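Here is a short tour of one protein model. Keep the structure open beside the text and find each part as it comes up.

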Amino acid sequence: MTSRADVVEDAADRLRLLLDANRTLVEELDLPEVLRRIVTAAIDLVGARYGAIGVFDDDGRLEVFIHAGIDDETAAQIGHLPRGRGLLGDLLDGGPAVRLDDVTTHPHYTGFPAEHPPMRSFLGLGLEVRGRVYGNLYLTDSAHGTFSEEDAELARALGETAGVAIANARLYDESRRREAWSSASAEVTRELLSPDGIDALELVAVRVQELTRASLVAVLLPAGDGTYAVSRAAGTHSQELVGVRTTTAAAAPVEPTIGTVAAVCAPLGLDLPDVPASQAMLVPLVDADDPRGLLVVLRDGPPRFDDTDLSMAEAFAGQAALALGKRDLRQAREAMLVLEDRDRIARDLHDHVIQRLFASGLTLQSVHATIPVGAPRDRLAAQVAEMDETIRQIRRTIFELHDTDPGQGGVRRRLRRVVSATGDGGTAVTLQIDGPVDLALDDGLADDVVAVAREGVSNARRHAQAEHIELRCVVRGGEVVVTVNDDGRGVPEDARRSGLDNLARRAEARCGTCRVTSGRGGTTLRWAAPIPDEGYDA
């Protein structure tokens with residue numbers, strides 16, 4: 001009777017331990033702490049020496065692993081964590097608990113690492129919630145030599161509560177993450193709507209890096225030739241990476257992507273050898289179905305990116321695309337204000353200043369006709385000519401007021417720099433521009449025009465030994481024509497033609513023409529190309 005009483009008392013104690021464990025598990029919502037309590041309760045409940053619990057992600061990779069009974073020094077010597085193969089992998093298939101007197105006799109036993117302590121008796125089970133097994137709990141080295149069927153039943157009961165507790169902890173963790181993302185999204189929205197002109201792309205990069213605990217977050221924008229350049233970055237080596245360009249042309253993916261760094265970054269030609277990272281997210285920046293760039297998020301080590309991270313990153317990518325759209329609108333509005341102001345000045349110069357100068361010139365010409373031949377008449381004629389030149393200069397100034405890129409220099413300024421850079425004391429170079437070149441030419445065509453002018457003037461000065469060079473750029477009738485005339489000796493027969501061949505290829509690429517006419521009277525280079533339909537209608 002005493003023996004049976006001890007058995008009853010022991011069963012009551014174990015039942016009490018199970019109830020206490022269930023209560024403590026459902027009270028906690030932090031996932032690592034929940035797992036720690038499960039392992040500790042399970043060891044106490046069945047009298048095991050060692051215990052461990054692992055939770056796996058949707059792809060079957062170990063996401064969280066908590067162990068008990070092994071000190072930190074021994075764990076460090078063991079090295080990598082269990083990969084969930086062999087016997088431990090069998091537990092993920094569900095079913096009844098696995099109870100072994102000697103774990104080494106199991107057909108799927110794969111052995112322990114060299115520094116791992118020896119273990120004999122084994123009790124393991126899968127953690128299941130609503131028909132899905134996403135973790136395992138296993139205990140080794142029973143204090144009684146082997147684990148009993150009662151131990152297995154108690155572990156199963158604890159495992160059912162543990163599964164619910166783990167599910168609740170993961171839901172709570174996801175809700176906290178979504179709350180943090182939403183709060184940061186609201187902050188970005190406020191800053192986007194503020195009139196202070198804050199760098200919203202920088203804010204997006206910083207907030208995503210904080211929320212994902214990423215090694216690096218980079219915002220990549222198109223570089224104009226099919227590649228991308230890092231515009232903003234936050235995290236490891238962020239300052240050094242700004243301006244780095246992809247090495248291969250690559251189209252932005254249509255759908256957001258999660259994968260390894262190699263799988264995500266290699267197709268873009270984005271080489272980041274100094275950034276510690278093993279996994280990556282790539283999210284396109286799309287504004288009203290218009291691809292604007294890419295958001296690249298890199299992380300080193302667990303936890304792995306999941307669907308919550310991806311959906312929240314998509315929301316932030318939308319914020320970044322909105323920031324780009326707002327920036328473009330602000331720049332367009334500022335440019336429009338500048339153009340309106342310049343247009344007003346140009347109208348005043350044309351309607352008032354030029355008209356008054358022209359009227360004064362006509363008056364002086366009429367007076368000139370009444371003065372006898374002599375020095376006074378010649379001086380008056382010189383003043384009339386000076387006034388006429390002043391009128392022409394004002395007209396050129398009116399065209400220059402429509403320069404659409406005053407910060408970096410429009411086509412007019414760039415052509416003047418070509419003239420000043422290629423001229424010398426022995427060659428006179430003149431420049432004539434006719435038409436709204438700054439409004440008509442897009443960036444690519446403007447680059448071609450400047451390149452043609454630079455090559456033509458340089459060739460005339462170096463090879464033709466010309467004394468006078470005339471550079472003309474004319475925009476008229478939907479076409480831009482660049483002409484370089486010189487009075488030199490012509491193109492030598494042995495001269496290298498790589499530069500002229502390059503100009504011909506530029507013209508051919510734009511369905512234009514490039515002709516060189518050379519003789520004793522000098523050389524004429526004429527390069528012409530149509531202006532794209534979306535350009536200025538001259």
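The protein chain has 14 helices and 15 strands. This is a predicted model. The chain holds 538 residues, and 40% of them count as buried. Take the contacts in the chain with a separation of 6 or more: residues 24 or more positions apart account for 61% of these.

## An open sheet and a helix across it

Start with a sheet. Five strands form it, and it is open. The order is β2-β1-β5-β4-β3, with antiparallel pairing. Which strands lie at the edges? They are β2, residues 62-68, and β3, residues 98-100. Each of these two pairs on one side only. On average, neighbouring strands of the sheet are turned by 15° against each other, direction ignored.

Look at one pairing in detail. Strand β1 covers residues 48-56, and six bridges join β1 to β2. The two strands run antiparallel. Ala-52 stands opposite His-67 in β2.

Now add a helix. Helix α2, residues 31-46, lies across β1, β2, β4 and β5. In this group, β4 spans residues 122-129 and β5 spans residues 132-142. The helix runs at about 150° to β1.

## One aromatic pair

How many aromatic pairs does a search of the whole structure find? The search finds one. The partners are Phe-122 and Tyr-138, with ring centres 6.0 Å apart. Their planes meet at 25°, so the pair counts as stacked; the cut-off for stacking is under 30 degrees. Phe-122 belongs to strand β4 and Tyr-138 to strand β5, so the pair links parts of the chain that are 16 residues apart.

Are these two residues buried or exposed? Phe-122 is buried, at 3% relative accessible area. Tyr-138 is buried too, at 13%.

## Salt bridges

A search of the whole structure finds nine salt bridges. Three of them are set out below, each with its closest N to O distance.

| Acidic partner | Basic partner | N to O distance |
|---|---|---|
| Glu-210 | Arg-207 | 3.3 Å |
| Asp-447 | Arg-414 | 3.0 Å |
| Asp-434 | Arg-476 | 2.3 Å |

Begin with Glu-210 and Arg-207. Both sit in helix α6, residues 200-212. They are three residues apart, which means a separation of about one helical turn. Their surroundings can be compared by accessible area. Glu-210 is partly exposed, with a relative accessible area of 46%. Arg-207 counts as buried at 18%, because the cut-off for buried is under 20%.

Next come Asp-447 and Arg-414, which form a salt bridge. Asp-447 lies in helix α13, residues 443-462, and Arg-414 lies in helix α11, residues 411-422. The pair therefore ties together parts that are 33 residues apart in sequence. Asp-447 is partly exposed, at 38% relative accessibility. Arg-414 is partly exposed as well, at 24%.

The salt bridge between Asp-434 and Arg-476 links two strands. Asp-434 is in β11, residues 428-434, and Arg-476 is in β12, residues 468-476. These are distant parts of the chain, 42 residues apart. Asp-434 is partly exposed, with a relative accessible area of 25%.

Some salt bridges share partners. In this way Glu-33, Arg-36 and Arg-37 are joined into one network.

## An enclosed strand

Move on to strand β7, residues 228-235. Why does this strand count as largely enclosed by the rest of the structure? Six of its eight residues are buried, so the rest of the structure largely encloses β7.

Strand β7 also has a pairing to trace. Strand β6, residues 216-222, pairs with β7 in the antiparallel sense over seven bridges. One residue pair to find is Leu-221 and its bridge partner in β7, Ala-229.

## Cysteines

How many disulfides are there? The count comes to zero. Two cysteines can still be placed by accessibility. Cys-511 counts as exposed, at 70% relative accessibility. Cys-514 is partly exposed, with a relative accessible area of 24%.

How values were computed:
Residues are numbered from 1 along each chain as its sequence is written. This is a predicted model: local features need pLDDT of at least 70, side-chain atom pairs count only at pLDDT 80 or more; totals for chains, interfaces and linings use all residues. Side-chain values use heavy atoms; hydrogens and water are left out. Two strands pair if DSSP finds at least two bridges between them. Helices (H or I, at least four residues) and strands (E, at least two) are DSSP runs, numbered from the N terminus. Axes are lines fitted to C-alpha atoms, for helices over the stretch in contact, and angles run from 0 to 180 degrees between N-to-C directions. Contact means heavy atoms within 4.5 Å. A salt bridge is a side-chain nitrogen of Lys or Arg within 4 Å of a carboxyl oxygen of Asp or Glu. Buried means under 20% relative accessible area, exposed over 50%, partly exposed in between (1.4 Å probe, protein chains only). Rings of Phe, Tyr and Trp (its six-membered ring) pair if their centres lie within 6.5 Å; planes under 30 degrees apart count as stacked, over 60 as edge-to-face and the rest as tilted. A disulfide is a pair of cysteine sulfur atoms within 2.5 Å.
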